[in-house]
Amino acid sequence: MVRAMTNRIALFVGFLVLLGIWADLRFDWGGALFFMREIDRLIEWLAFWR
C-alpha cells in the first residue's frame with residue numbers, strides 16, 4: 001500500500017520546519033547549517049516516497 005503526501009501531512013512537515021527555524025533563531029543555538037542539512041535529507045527522503 002502506497003500512501004500519498006496529503007495536504008495535512010505537507011502542512012505538518014512545513015510547520016515543523018518553521019518551528020525548527022524559529023527555535024534556532026530564538027535561542028541562538030547556531031544550528032542553522034545542521035538544520036539545513038537535515039532538511040535536505042528530509043526532502044530527499046520524501047522525494048523517494050513520491
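These questions and answers look at a predicted model of one chain and at the reasons behind the words used for it.

Q: What makes up the chain, in helices and strands?
A: The chain has two helices and zero strands. Helix H1 covers residues 7–27, and helix H2 covers residues 32–48.

Q: Why is H1 called roughly antiparallel to H2?
A: Start with the angle. H1 and H2 pack at about 170 degrees. Angles over 145 degrees count as roughly antiparallel. The value passes that cut-off, so H1 is roughly antiparallel to H2. The two helix axes lie 10 Å apart.

Q: Which residues of H1 and H2 meet?
A: From H1 come Val13, Val17, Gly20, Ile21 and Asp24. From H2 come Ala32, Phe35, Ile39, Leu42 and Leu46. By class, this contact has eight nonpolar residues, one polar and one charged. Gly counts as polar and Asp as charged.

Q: Why is the chain called more spread out than a compact globule?
A: Compare two numbers. The radius of gyration is 13 Å. For 50 residues the globule rule gives 10 Å. The chain's value is well over the rule's value, so the chain is more spread out than a compact globule. The C-alpha trace spans about 40 × 20 × 10 Å along its principal axes.

Q: How much of the chain is buried, and how much area does the chain expose?
A: Buried residues are 8% of the 50 in the chain. To count as buried, a residue must have under 20% relative accessible area. The chain exposes about 5,000 Å², and 68% of that comes from carbon and sulfur atoms.

Q: Why is isoleucine 21 called partly exposed?
A: Its relative accessible area is 37%. Partly exposed lies between the buried limit of 20% and the exposed limit of 50%. The value of 37% falls in that range, so isoleucine 21 is partly exposed. Isoleucine 21 sits in helix H1. Its C-alpha is 11 Å from that of phenylalanine 34, 13 residues apart in sequence.

Q: What makes methionine 5 buried, exposed or partly exposed?
A: Methionine 5 has a relative accessible area of 43%. That is in between 20% and 50%, so methionine 5 is partly exposed. Methionine 5 belongs to the segment before H1. Leaving out residues up to four places away in sequence, methionine 5 touches Ala10 and Leu46.

Q: How do you know that arginine 37 counts as exposed?
A: Its relative accessibility is 55%. Exposed means over 50%. The value clears the cut-off, so arginine 37 counts as exposed. Arginine 37 is in helix H2. Arginine 37 and asparagine 7 are 30 residues apart in sequence, and their C-alpha atoms are 24 Å apart.

Notes: Residues are numbered from 1 along each chain as its sequence is written. This is a predicted model: local features need pLDDT of at least 70, side-chain atom pairs count only at pLDDT 80 or more; totals for chains, interfaces and linings use all residues. Side-chain values use heavy atoms; hydrogens and water are left out. Axes are lines fitted to C-alpha atoms, for helices over the stretch in contact, and angles run from 0 to 180 degrees between N-to-C directions. Helices (H or I, at least four residues) and strands (E, at least two) are DSSP runs, numbered from the N terminus. Angles under 35 degrees count as roughly parallel, over 145 as roughly antiparallel, 65 to 115 as roughly perpendicular and the rest as oblique. Contact means heavy atoms within 4.5 Å. The radius of gyration is taken over C-alpha atoms; the globule rule is 2.2 Å times the number of residues to the power 0.38. Buried means under 20% relative accessible area, exposed over 50%, partly exposed in between (1.4 Å probe, protein chains only). Accessible areas come from the Shrake-Rupley method with a 1.4 Å probe; for residues, only the protein chains shown count as cover.
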